[in-house]
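User: Could you take a close look at one part of this model for me, the nonpolar core, and then show me how the rest fits around it? Plain talk is fine.

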Amino acid sequence: MSVSASSFTTVVPSPLARVPAGLKFAVLFAVGIAIYVVSSWPLVLAALVLAIAALAAAKVRPDRLLRALSGLLIIIALVVVIGAFTRGYDAAAMYGVRLLALCLFAFAVTMSTRFHQMLAVFEKLFAPVRWLGYSSAQMSLGLSMTVRFIPEIRNTYFEVREAQHARGLQGSPRAVLVPLIARTLQSAQEVALAIDARCYDSETIRGGLARRGSVARAREARAGSGSTTDTVHVAVMAALIAALGLVPPITLGVVPVPITLQTLGVMLAGALLGPWRGMLACLVVVVLGFAGLPIFAGGAGGLGVLVGPSGGYVVGWAPGALVIGLLVKYLALRPRALWLRYVLVTISALIGGVGVIYAFGIPWTSVAGGISLRASFIGAGAFIPGDSAKAVITALVAVTIHRRYRSLLHS
Amino acid sequence: MTATATSESETSAAELAPPLVLEDVTVEREGKLVLSDVSLELSEHRIAILGPNGSGKSTLLRLLNGLISPSSGDVRVGELTTARHARQIRREIGFVFQNPDNQIVMPVVCEDIAFGLRNLGIRGHEVDTRVQAVLTNLGLGHLYDHETHTLSGGEKQMLALAAVLVMEPSTIVLDEPTTMLDLRNSLRVRREIARLQQRAIVATHDLELALECERAIVIDAGKVVFDGAPDAAVGFHRELCGAA
């Protein structure tokens, strides 16, 4: 699978393509809220008709639609079956149609909107990150840089894995991830220098903030987190999260099912970069993914992921990384005993990476899929062994990296 | 080739740029002396910096456009010092890094070249005009909308050079620009350096590239150990490295 900017510029000219991206997103959002708040057949059927009309107006090719639908139909069938057992056939059918309508509509919006237009919408939505000392110009530099680094980090991953295979270390995720991250952080330093050398000056670019004068600048200075190096760290970590979702899932001896490494990236972001930059790295991936880049595990992307049953798990990444970052920065790395640090980082990763993310994911699945909270909870249980293994890997990697790069959390 | 004719007209352009002056510059990093008491005036059109790995070449180059500041001493460009006017000086002095992978920030070639222009506050049509012009000038026009990660090593180094040239600095600093390239690509980069109208300061292990310069400086263990004609410098450098 190749992630590239050009594979998203293939938007067919159509009536829906001419509608501003922000408006399309707003309508999708409104429809989504409405059909979940008011569960009635007329409204749900109206949404389905609207979705089909949108697909027609977007001139979506049937073969692309079928390909996109195949995975979705399985999930919807599952939702209907579970719903039929717990809430009866009529309700289950409505939940199924509701989910179908929303996913089709999201698909129509994604297919009729150029990647950079959708990106611009999200950049506006996430403008509040300037309160963390990041300007929107930095955010968009971060987004572009992430797209640029995803293929590179993916290649580095395979290179390092090959080298470790040659040393007979194929079973050790740490042996692959530590060199990968060390190399990435080293190049991040140089990349930041190169950006400065090309006259990147956040102050002159931040037109909006600079105009507001010294108050804004004083706040930025206090936040102290707006330097070029921070932007690069956010971008390369976001690229790492995306790249880990694109490499083949790994099998660990203890866990029977193969696990994808994407949420490992989320845990690492918080544990390596701390709360704010870790959270921003997750936001960057989420924004790029919702805007249409196929970077969610297994090559998913677009607004369908957001409105689908597993959307909550993705939305939970940023708060999850925030919590992990806070715990790791202020508690887990404090003790002198190395074993205790491993244990505490593992617990932090479990709290943020399982506790917080599931706290978003489980209710979301319940609402989006129309299944009971209990069923959603039991379903999530299947992922706990894999996610626990990832928390352990996070600790092994993060403690090692922090011993090598002592100032990483305090930039 | 019309090398002599062009180099005469180019020299005049280089003469316009103010010389770079290092005055008793010392750089300390983590308690280690990386450069000690270096004083130089760099005014020639082509200057090579030679020296073994870890001798302080890269540090010297990074001082020139204020990417790092000296622990003591001054680095001046005309009236400006890098310690206080790093931003203005970076507009005058472009920097090409050794590893182009670390210099390319954008996913697409034209965007990456435009990045520096936008940083200079340039907007609208002029951006694209200048991007096209620099690509054509370097014979890279066909790469305009290519994704940067698909480029070959040689193309990446040429892109890195284009991205700096488009900003029209009066001096270009290059850190081992041919080290990672095969013979064909290193010849191509050398040819472009020879064509530059601007002053070029090149740190290199490529002795042939050094011989094409007007002046060569040899650095060892943080000190200037030779400064003069390239052929003598190359001989000195060979001896220093135990190859003579």
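Analyst: The largest nonpolar core in this predicted model has 198 residues. Those with the most contacts inside this core are A:Phe105, A:Ala108, A:Ile241, A:Ala281, A:Cys282 and A:Val284. Helix H13 of chain A, residues 262-290, gives the core its largest share, 20 residues. Both domains of chain A feed in too: domain 1 (14-113) and domain 2 (122-404) each put at least three residues into this core. As a general point, nonpolar side chains in soluble globular proteins tend to be buried together.

Let's zoom in on one of those well-connected residues. Setting aside its neighbours within four places in sequence, A:Ile241 is in contact with A:Gln262, A:Gly265, A:Val266, A:Ala269, A:Ala281, A:Cys282 and A:Val285. Two of those partners, A:Ala281 and A:Cys282, are also on the list of residues with the most contacts inside the core.

Now step back to the chain around it. Chain A has 19 helices and zero strands, and buried residues make up 51% of its 411 residues. If you take the contacts in chain A with a separation of 6 or more, 78% of them are between residues 24 or more positions apart.

The core draws on both domains, so to speak, and the domains also touch. Chain A is divided into domain 1 (14-113) and domain 2 (122-404), and the contact between them takes 17 residues from domain 1 and 15 residues from domain 2. On the domain 1 side, helix H2 (21-37), helix H4 (62-87) and helix H5 (89-111) of chain A each give two or more residues. The largest share of that side, nine residues, comes from H5(A). By class, the domain 1 side has 13 nonpolar, four polar and no charged residues.

Chain A also meets chain B. That contact takes 22 residues from chain A and 25 residues from chain B. On the chain B side, helix H3 (82-92) and helix H4 (109-119) each supply at least two residues. That side of chain B divides into eleven nonpolar, nine polar and five charged residues.

Chain B has a sheet to look at. This open sheet of six strands runs E6-E7-E8-E3-E9-E10, with mixed pairing. Strand E6 (93-96) and strand E10 (223-228) of chain B are the edge strands, each pairing on one side only. From one strand to the next, the twist averages 15°. Within the sheet, strand E7 (residues 171-175) and strand E8 (residues 199-203) of chain B run parallel and are joined by five bridges. For a pair you can click on, B:Leu174 has B:Val202 in E8(B) as its bridge partner.

One last stop in chain B is a loop. B:Ser71 lies in the loop between helix H2 (57-64) and strand E4 (72-77) of chain B. B:Ser71 counts as partly exposed because it has 14 C-beta neighbours inside 10 Å. Not counting residues up to four places away in sequence, B:Ser71 touches B:Thr26, B:Val27 and B:Glu28. With B:Val27, the C-alpha to C-alpha distance is 4.9 Å, although B:Ser71 and B:Val27 are 44 residues apart in sequence.

Methods
Residues numbered from 1 in each chain as written. Chains lettered and ligands numbered in written order. Predicted model: local features only at pLDDT ≥ 70, side-chain atom pairs only at ≥ 80, totals over all residues. Contact = placed C-beta atoms within 7 Å. Helix = DSSP H or I, 4+ residues; strand = E, 2+ residues; numbered from the N terminus. Nonpolar A, V, L, I, M, F, W, Y, C, P; charged D, E, K, R; others polar. Buried ≥ 20, exposed ≤ 12 C-beta atoms within 10 Å, placed from the backbone. Core = buried A, V, L, I, M, F, W, Y, C linked by C-beta atoms within 7 Å. Domains from an automatic or database assignment. Pairing = 2+ DSSP bridges. Axes fitted to C-alpha atoms, helices over the stretch in contact; angles between N-to-C directions.
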